[in-house]
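With the model open in your viewer, please follow the stops below in order, making each selection before reading on.

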Amino acid sequence: MTGYNFAYLDEQTKRMIRRAILKAVAIPGHQIPFGSREMPLPYGWGTGGIQLTAAVLGPDDGLKVIDQGADDTTNAVSIRRFFARTAGVTTTTHTADATIIQTRHRIPELKLTDKQIIVYQVPQPEPLSKLESSRAETRRMHGLAEYGLMHVRLYEDITRFGHVSISYDYPVMVGGRYLMSPSPIPAFDNPKMHMMPALQLFGAGREQRIYAIPPYTTVESLDFDDHPFRTTRAPHACGLCGAADSYLDEVVTDDRGGRLYVCSDTDHCETRRTAGHTGTESPPVDAPAEQAA
Amino acid sequence: MSVSLPGFADPVLSAQSSFRAILDAMSRPGTVHTAGHGLTPPAPLGQAAAACLLTLVDAETTLCLDDALETTRDWIGFHCAAPRSPAATAGFLMCHELPDLAALDAGSDDAPQDGATVVLQVASLCAGQRLTLSGPGLPSPATVAINGLPADFAERWAANHALFPRGVDLILCAGDALLALPRTVRITHAHKEA
């Protein structure tokens, strides 16, 4: 594409973002302010993630973009096409083939490797935002590692419901020091962040914050000794590939209460189906060869 | 004043590949990466150190050069345009010998990201003083051998590490090789081998 720099952003902006990324890696879980630019899509559509990807991306990278686990949703398709046009990079939907994975609200089911970087799109980087509205105050709380308020919030959930009722954006402690929002990934994905071999970068465009988790860093979901953190998933197997351990989407199929549970990670589901796995809702195998036999 | 020596041949893609080398080095402390291949910086500036400056330093940052690098001032000034600053307040320091880390800007509790980044040229990243590293980025403790650090480096680093989340971060360069020591890393002397 002519008229734009490689990967859209100008070099001055990339340097500013790159400096912020390096400090974010050096201080795991700490939010670094940065001069978020206006991008050719509105805030809330992944501008933070796009700016991180643009600052990191090179011509040899393979880029995968997912939105809620799916490669084929509007947000994922348009961001993938954006970088294919502005940077000419190879794009892929296969998790194993990607070197950079930009994601909205999921971590792929396939275990990531130390050759990969995962970039999260973050709407609200401040985990304390619903408990303390002043950013000056939350900055101070992070500075002092004063996170009692969040424990009280979890405790109140337990007294009211018998369990912690946070199902996504479940707060984590990074490296035993910083309370961090994992972005609105399901709590199901939280354990994947712990000691992950891949570098994890987080970008919030509207809120103008960058943070990171280096590879092999401890990430603990907040809990209590007598109420340990638990992940939940719909108690079904994927209707298409039969996976009993993946995170599922519930799809309404008719107006008579019909439901279909399918893997939220479309690449994971496709890979399994290609390998021959089937679920209860798999289309019947019409094999002429068998009929002939 | 003459600045006859060029910077990156391809300012966009060379900066990108250099950044990825630095990012990898910072994410996985102790691993050695290459940057600045093909650069011709003025002596005594090495290729990796020059690549770090061209990639990270610009008019929005402050830079402190130590005396041994004074001859490279014009080249750095022309290509990076960073305002000069005393060591105590500089965002970046380009050094030929390890500065007093305790005298540098370590940031504040609320804004630890203001801590300085020190780019230090050493003689070698594959032979010399053996140090054992552990911490985020390392699945298990790793040993590096560096020639060009003071004998009491581990003790001096411990004082910097103890400030966490405040502190300074170090990028060590030798020729076109670099490795990084973020403030999170714990360093001990490796046991002497026979």
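## A tour from the interface to the aromatic rings

Begin by displaying chain A and chain B together in this predicted model, and look across their interface, where 19 residue pairs are in polar contact, both residues of each pair being at pLDDT 80 or more. To see which elements carry the side of chain A that touches chain B, select α1 (11-26), β1 (32-33), α2 (47-56) and α4 (135-143) of chain A, each of which gives two or more residues to that side. Colour α1(A) separately, since this helix gives the most, with twelve residues. If you then colour the residues on this side of chain A by class, they divide into 23 nonpolar, six polar and eleven charged.

Next, widen the selection to the whole contact, which takes 40 residues from chain A and 38 residues from chain B. Between them the two chains bury about 3100 Å², and 61% of that area lies on carbon and sulfur atoms. Within chain A, pick out Arg19(A), Leu22(A) and Lys23(A), which lose the most area to chain B and together account for 21% of what that side buries.

How many salt bridges are counted between chain A and chain B? The count is six, and for a view of a salt bridge between the chains you can show the side chains of Arg20(B) and Asp61(A), which meet at 2.7 Å, N to O.

Now leave the interface and select the aromatic rings, among which a search of the whole structure finds eight pairs over all chains. Centre the view on Tyr120(A) and Phe202(A), a stacked pair with 4.2 Å from centre to centre and 5 degrees between the planes. With the strands drawn, you will find Tyr120(A) in strand β5 (residues 117-121) and Phe202(A) in strand β8 (residues 199-204) of chain A, so placed that the pair links distant parts of the chain, 82 residues apart. Are these two residues buried or exposed? Both Tyr120(A) and Phe202(A) are buried.

Keep Phe202(A) in view and add Tyr211(A), with which Phe202(A) forms another stacked pair, here at 4.7 Å centre to centre and with 5 degrees between the planes. Tyr211(A) is buried, as is Phe202(A).

For the last stop, select Tyr4(A), Tyr8(A), Phe82(A) and Phe83(A), and show their side chains together, as these four residues form one aromatic cluster.

Technical notes. Residues are numbered from 1 along each chain as its sequence is written. Chains are lettered from A and ligands numbered from 1 in the order in which they are written. This is a predicted model: local features need pLDDT of at least 70, side-chain atom pairs count only at pLDDT 80 or more; totals for chains, interfaces and linings use all residues. Side-chain values use heavy atoms; hydrogens and water are left out. Contact means heavy atoms within 4.5 Å. Buried area is the accessible area (1.4 Å probe) that two parts lose on being put together, summed over both. A salt bridge is a side-chain nitrogen of Lys or Arg within 4 Å of a carboxyl oxygen of Asp or Glu. A polar contact is a pair of N or O atoms within 3.5 Å; within protein, one must be able to donate a hydrogen and the other to accept it, and residues adjacent in sequence count only if both atoms are side-chain atoms. Helices (H or I, at least four residues) and strands (E, at least two) are DSSP runs, numbered from the N terminus. Ala, Val, Leu, Ile, Met, Phe, Trp, Tyr, Cys and Pro count as nonpolar, Asp, Glu, Lys and Arg as charged, and the others, Gly among them, as polar. Rings of Phe, Tyr and Trp (its six-membered ring) pair if their centres lie within 6.5 Å; planes under 30 degrees apart count as stacked, over 60 as edge-to-face and the rest as tilted. Buried means under 20% relative accessible area, exposed over 50%, partly exposed in between (1.4 Å probe, protein chains only).
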